[in-house]
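User: I would like to work through this structure by question and answer. Where should we begin?

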Amino acid sequence: MARYIDPTRESFATFREMQREGPVHMLNLLKFRERAAYDDGTECSGAEAYRAYARESAPIFQRLGGRQVWIGRPELMLIGPREKLWDLAFIAEYPNVNAFVSMLRDPAYRKAVRHRQAAVAESRLIRMEPGNPGGAFGEIAP
């Protein structure tokens, strides 16, 4: 079963090639492990390990101009597989594609990401182009 924790080389290459002006929004859907899976045997919950990732990666994220646009805790899968309930959902904004790439390549971030890898049982990371609501429901303004 695929766990979808880190981007593949192919998806990361496609991400970098999709250059455009303006911010990039990243929708994060996360399911934590009950117990984190550290190679060194560190004991904590997946949620605690993710908080360690957030503490260590936040300064890099902020230095590169990132900000959290929205965060929430999913409560019910109304449409979709009922067993696929995420523990956390949020949207992170980066000023541009290069800011996200720079974060992933930052040496301090590379150290912090071990906490994310230990914490997450499964995830989705969806790149989105931000838009403004249009005149009708479900429309994006031109």
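Analyst: We begin with a definition: a helix axis is a line fitted to C-alpha atoms over the stretch in contact, and angles run from 0 to 180 degrees between N-to-C directions. Please note that the model is predicted.

User: How are helix α3 and helix α4 oriented to each other: roughly parallel, roughly antiparallel, oblique or roughly perpendicular?

Analyst: Helix α3 covers residues 97–105 and helix α4 covers residues 107–119; their axes are 5 Å apart and meet at an angle of about 70°. Angles of 65 to 115 degrees count as roughly perpendicular. Therefore α3 and α4 are roughly perpendicular.

User: Which residues make the contact of α3 with α4, and how do they divide by character?

Analyst: From α3 come Met103, Leu104 and Arg105, and from α4 come Pro107, Tyr109 and Arg110. By character they are 4 nonpolar, no polar and 2 charged.

User: Is Asp106 buried or exposed?

Analyst: Asp106 lies in the loop between α3 and α4. Apart from residues up to four places away in sequence, Asp106 touches Ile60 and Arg63. Its relative accessible area is 13%, and buried means under 20%, so Asp106 is buried.

User: Which residue offers the backbone nitrogen that the side chain of Asp106 reaches?

Analyst: The side chain of Asp106 comes to 2.8 Å from a backbone nitrogen. That nitrogen belongs to Ala108.

User: How far apart in space are Val120 and Lys31?

Analyst: Val120 belongs to strand β4 and is buried, because its relative accessibility is 0%. Lys31 is among the residues in contact with Val120, as are Arg3 and Tyr50. The two residues Val120 and Lys31 are 89 residues apart in sequence, yet their C-alpha to C-alpha distance is 5.9 Å.

Definitions and conventions
Residues are numbered from 1 along each chain as its sequence is written. This is a predicted model: local features need pLDDT of at least 70, side-chain atom pairs count only at pLDDT 80 or more; totals for chains, interfaces and linings use all residues. Side-chain values use heavy atoms; hydrogens and water are left out. Helices (H or I, at least four residues) and strands (E, at least two) are DSSP runs, numbered from the N terminus. Angles under 35 degrees count as roughly parallel, over 145 as roughly antiparallel, 65 to 115 as roughly perpendicular and the rest as oblique. Contact means heavy atoms within 4.5 Å. Ala, Val, Leu, Ile, Met, Phe, Trp, Tyr, Cys and Pro count as nonpolar, Asp, Glu, Lys and Arg as charged, and the others, Gly among them, as polar. Buried means under 20% relative accessible area, exposed over 50%, partly exposed in between (1.4 Å probe, protein chains only). A polar contact is a pair of N or O atoms within 3.5 Å; within protein, one must be able to donate a hydrogen and the other to accept it, and residues adjacent in sequence count only if both atoms are side-chain atoms.
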